[in-house]
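I set out to record what could be looked up around the ligand and at several individual positions. The entries below follow the order of my reading.

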Amino acid sequence: MKTPAFTSGITGTVGSTPLVELTRLAENSTVRVFAKLEAYNPGGSIKDRSALEMIRHGIATGRIVPGRSVVVESSSGNLGIGLAQVCAYFGIRFICVVDPRTNVQNIAIMRALGAEVEVVTRTDPVTGEYLPVRIRRVRELAAKLPGGYWPDQYSNPRNPRAHHTTMREIVEALSGPPDLLFCATSSCGTLRGCAEYSRKNGLGIRIVAVDAVGSTIFGNPVGPRLIPGHGAAVRPALYRDGLADEVVHVDDAGAVVGCRRLAGQEAILAGGSSGAVVTALERSLDRIPPGSTCVLVFPDRGERYLDTIYDDDWVRSRFGDISHLWKQDATVMETSAY
Ligand SMILES: Cc1ncc(COP(=O)(O)O)c(C=O)c1O
C-alpha cells in the first residue's frame with residue numbers, strides 16, 4: 001500500500017527535519033559540512049521533539065490526564081512554544097514560567113496557542129540568574145495546583161530520548177554516521193540523546209558540545225550572557241561526564257558573527273545557538289581530519305532574534321563595530337561568484 005502523503009494532526013510533523021549540505025562555510029577545506037535544520041519543526045525549534053516525547057510519555061504512563069492535569073514548565077521560549085503546541089493539541093492546560101530575557105514574540109506565540117505565561121522579575125541573589133527563580137516558581141505551582149505536573153526538561157530522561165531520533169535521522173540521511181556532530185547545549189537533551197544513540201549503536205561519532213561563555217554546564221564559572229537558548233546557569237541533572245568528546249565555548253559576539261556569516265554565505269537565517277555552532281566549527285576546522293563529514297545541529301530560526309542578533313544598532317551597542325567579521329567574507333563570496 002502507498003504511504004499516505006499526509007500526517008494526522010500537527011504532532012505528526014515533529015521531526016524528520018531536512019539535512020542540508022553547506023558548501024560555502026568551509027569552502028577552502030576538504031571537510032564536508034551538513035546542517036540539521038530544526039527550525040522546520042512545527043513550533044519552529046528542536047524543542048518540539050522534547051515537548052512531544054515528554055507529554056506523550058506523561059499521558060501514556062497516566063501522569064498527565066488531558067482535561068484534568070496542568071503542565072507547568074520553565075522555558076526561555078522554545079520549549080515553551082513546543083509545550084504550548086503539544087498541550088493545546090492534547091487539550092491540556094499549560095503554564096509557562098519565563099524571565100524578562102524571553103523574546104516578547106515567543107510569549108505572544110505561547111499565548112496564541114492558549115498557554116498561560118508568568119514572567120519572573122527578580123534574579124537569584126546568589127547567582128544573579130533568573131533560572132533558579134524560575135525553577136522555584138515552577139515547583140511551587142506544580143505542587144499547589146490540583147493535577148499539577150512538571151515535565152522538568154533538565155532531568156526528564158524522555159528529553160534526551162527524543163534525540164535518539166534526531167541522531168538516527170542524520171545517520172539515515174547520510175547513509176552512515178558522520179565523523180563529527182556539533183550541538184549546542186542547555187538542558188543537555190540534544191547532547192545526551194545524540195551521544196547515547198551513537199554509543200549504543202557503536203557509531204563512533206565524535207561529539208562536540210557547543211556551550212556559551214558564562215554557562216556552567218561544563219564546570220566554568222557563571223557569567224553574564226545576552227543570547228537566550230543555549231547555556232545554563234545551573235548544571236542540568238541530565239549532564240554526565242564524558243558525553244561530549246570535546247567542548248567549545250563561544251561568547252555572545254561569536255554567536256552573532258556565526259549567525260551573520262550563515263545568513264550572508266549560506267542564506268540561512270538561524271538563531272543564536274546555531275551561530276555559536278558555526279563559530280565553533282570555524283575554530284575547529286584546522287584540527288578536523290581532512291575529508292571528515294561534520295553535522296551541525298541548528299536548533300531554531302532567526303526570526304526570533306531580529307531585534308537582537310540581526311539588528312545592527314543592537315549589535316553595535318553591545319559589541320562595538322564588529323561587522324567586518326562577517327562582511328569581509330561576504331565580499332570574498334561576491335567576487336568569487338563571478
Ligand atoms: C535555541 C536553542 N539552542 C540550543 C538549545 C539546547 O538544547 P538542549 O536543551 O537539548 O541542550 C536550546 C534549548 O532550549 C535552544 O532553545
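**Entry 1: the ligand and its surroundings**

I began with the ligand and looked for its neighbours; of the 14 residues around it, Lys47, Ser186, Ser187, Thr190 and Ser273 come nearest. I note that the model is a predicted one.

I then sorted the shell by residue class. It divides into four nonpolar, eight polar and two charged residues.

Next I listed polar side-chain atoms facing the ligand. For Lys47, I found such an atom 2.8 Å from an oxygen atom of the ligand. For Asn78, an N or O atom of the side chain is 3.0 Å from a ligand oxygen atom. For Ser273, the partner is a nitrogen atom of the ligand, and the distance to the side-chain N or O atom is 2.7 Å. I also looked up the cover: on its own the ligand has 390 Å² of accessible area, and the protein covers 98% of it. The space that the ligand takes is the largest cavity.

**Entry 2: Asn78**

I returned to Asn78 to place it in the fold. Asn78 lies in helix 2, which spans residues 78-90. Is Asn78 buried or exposed? I recorded 13% relative accessibility for Asn78, so it counts as buried, the cut-off being under 20%. Apart from the ligand oxygen at 3.0 Å, the side chain of Asn78 has a polar contact of 2.8 Å with the side chain of Arg304.

**Entry 3: positive phi angles**

I searched for unusual backbone angles, bearing in mind that most residues other than glycine have a negative phi.

Cys188 has a positive phi, near 80°, and is not a glycine. I located Cys188 in the loop between strand 7 (180-184) and helix 6 (189-200). Its relative accessibility is 1%, and therefore I entered Cys188 as buried.

Asp152 is also a residue other than glycine with a positive phi, here near 50°. I found Asp152 in the loop that runs between strand 6 (148-149) and helix 5 (158-173). With a relative accessible area of 14%, Asp152 is buried.

Gly320 takes a positive phi of about 80° just after helix 9. At the start of that helix (residues 312-319), I noted that a side-chain oxygen of Asp311 reaches to within 3.0 Å of the backbone nitrogen of Asp313.

**Entry 4: Glu140**

I placed Glu140 in helix 4, residues 131-144. Which side chain does the side chain of Glu140 make a polar contact with? I found that of Arg137, at 2.3 Å. In an α-helix, residues three or four places apart point the same way, because there are 3.6 residues a turn. How does Glu140 count in terms of accessibility, and why? I entered Glu140 as partly exposed because its relative accessibility is 45%, which falls between the 20% and 50% cut-offs. I also took the C-alpha separation of Glu140 and Pro151, which is 14 Å in space for 11 residues in sequence.

**Entry 5: Arg101**

My last look-up was Arg101, in the loop between strand 4 (93-98) and helix 3 (104-112). At 31% relative accessibility, Arg101 counts as partly exposed. I noted that Arg101 and Val119 are 18 residues apart along the chain, with 9.7 Å between their C-alpha atoms.

Definitions and conventions: Residues are numbered from 1 along each chain as its sequence is written. This is a predicted model: local features need pLDDT of at least 70, side-chain atom pairs count only at pLDDT 80 or more; totals for chains, interfaces and linings use all residues. Side-chain values use heavy atoms; hydrogens and water are left out. A residue is near a molecule or strand if one of its heavy atoms lies within 4 Å of it. A polar contact is a pair of N or O atoms within 3.5 Å; within protein, one must be able to donate a hydrogen and the other to accept it, and residues adjacent in sequence count only if both atoms are side-chain atoms. Accessible areas come from the Shrake-Rupley method with a 1.4 Å probe; for residues, only the protein chains shown count as cover. On a 1 Å grid over the protein atoms alone, a cavity is a set of points where a 1.4 Å probe fits but cannot get out, and a pocket is an open set with protein on both sides within 12 Å along at least five of seven lines; lining residues have an atom within 4 Å of a point. A molecule sits in a cavity or pocket if more than half of its atoms lie within 2 Å of its grid points. Ala, Val, Leu, Ile, Met, Phe, Trp, Tyr, Cys and Pro count as nonpolar, Asp, Glu, Lys and Arg as charged, and the others, Gly among them, as polar. Helices (H or I, at least four residues) and strands (E, at least two) are DSSP runs, numbered from the N terminus. Buried means under 20% relative accessible area, exposed over 50%, partly exposed in between (1.4 Å probe, protein chains only).
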